[in-house]
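Here are some short exercises to work through with the model open beside you. Try each task before reading its solution.

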Amino acid sequence: MPISKMSVMSIANLEEYEKIKVIEKGCFGVVYLIQNKSKKKFVAKESLKPIDSNENQAAFFQEIISYVNLKYPAILSIIGINFCNFEKLHFPIIISEYMVNGSLKKVLNKYSSLLHEQKMDKIVKDGFSLSK
C-alpha cells in the first residue's frame, strides 16, 4: 500500500459525531446514519467487521485507496476513516457522504422491471441525485 495514497485520507475523530440510526446491514458490516455535532451535517458510517487476517486488511486498505482516487460528482466522497468504532472496538470504519435519496441498491430495485436502456437512463439520473 503506497503511503502517499493514505496520507490524503484523514483519521476521523469519532467524538465529533453522534450515531443516529442503522441505515442498512450487510455481510461486511453495518451502515449508520451519523451527524457531525458542530456542523449538524448528516454523513454515513460504514462499520466493518473486525479485520481478522492480512488478506482482509489488504482489502480494506485497497477499498480506501479506491475511494480516495475516485473523483466524480455521482460518487460519494470519503470524509475519513478510523480503526475503531464508536464503542472503541477494533472494527474499522469509513465515514462518507450520506445518500439522502437512498442507496444505489434501492434505485436498482426500483427500476428492475424496465428495459435495459430505460433502466440505465433512470439509474444515471437518480444516481446523480442520491447525495443531494
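The exercises below go from the overall fold to the cores, a single residue and a pocket, all in a predicted model.

**Exercise 1. The fold**

Task: Work out how many helices and strands the chain has, and in what order they come.

Solution: Start with the count, which gives four helices and five strands. Next, walk along from the N terminus, where the order reads α-β-β-β-α-β-β-α-α. Then look at burial: of the 132 residues of the chain, 31% count as buried. Finally, turn to the contacts with a separation of 6 or more; residues 24 or more positions apart account for 48% of these.

**Exercise 2. The cores**

Task: Find the residues of the largest nonpolar core, and say which element gives the most to this core.

Solution: Begin with the members, nine residues in number: Ala-12, Leu-14, Tyr-17, Val-30, Tyr-32, Ile-34, Val-43, Ile-93 and Ile-95. Now place them on the fold: S2 and strand S5 (93-97) each supply at least two residues of this core. The top contributor is S2, with three residues. There is also a second, separate core of seven residues, among them Phe-60, Ile-78, Ile-81 and Ile-94. As background, nonpolar side chains in soluble globular proteins tend to be buried together.

To see one core member in its setting, pick Val-43. Leaving out residues up to four places away in sequence, Val-43 touches Tyr-17, Tyr-32, Leu-33, Ile-34, Ile-79, Ile-95, Ser-96 and Tyr-98.

**Exercise 3. An asparagine in a strand**

Task: Decide whether Asn-36 is buried or exposed, and identify what its side chain lies 2.9 Å from.

Solution: First locate Asn-36, which is found in strand S2 (residues 29-36). Its relative accessibility is 6%, and buried means under 20%, so Asn-36 counts as buried. Next, check the side chain: one of its polar atoms lies 2.9 Å from the backbone nitrogen of Lys-39. Last, list the contacts beyond four places away in sequence: Asn-36 touches Glu-16, Tyr-17 and Lys-41.

**Exercise 4. A pocket**

Task: Describe the lining of the second largest pocket by class, and name the helix that gives the most to this lining.

Solution: The second largest pocket has a volume of about 220 Å³. Its lining residues are Cys-27, Phe-28, Leu-48, Lys-49, Pro-50, Ile-51, Asn-56, Ala-59, Phe-60, Glu-63 and Pro-92. Sorted by class, they are eight nonpolar, one polar and two charged residues. Helix H2 (residues 54-69) gives the most to the lining, with four residues.

Technical notes. Residues are numbered from 1 along each chain as its sequence is written. This is a predicted model: local features need pLDDT of at least 70, side-chain atom pairs count only at pLDDT 80 or more; totals for chains, interfaces and linings use all residues. Side-chain values use heavy atoms; hydrogens and water are left out. Buried means under 20% relative accessible area, exposed over 50%, partly exposed in between (1.4 Å probe, protein chains only). A polar contact is a pair of N or O atoms within 3.5 Å; within protein, one must be able to donate a hydrogen and the other to accept it, and residues adjacent in sequence count only if both atoms are side-chain atoms. Contact means heavy atoms within 4.5 Å. On a 1 Å grid over the protein atoms alone, a cavity is a set of points where a 1.4 Å probe fits but cannot get out, and a pocket is an open set with protein on both sides within 12 Å along at least five of seven lines; lining residues have an atom within 4 Å of a point. Grid points are joined across faces, edges and corners, and a volume is the space filled by probe spheres set on the points. Ala, Val, Leu, Ile, Met, Phe, Trp, Tyr, Cys and Pro count as nonpolar, Asp, Glu, Lys and Arg as charged, and the others, Gly among them, as polar. A nonpolar core is a set of buried Ala, Val, Leu, Ile, Met, Phe, Trp, Tyr and Cys residues joined through side-chain atoms within 4.5 Å.
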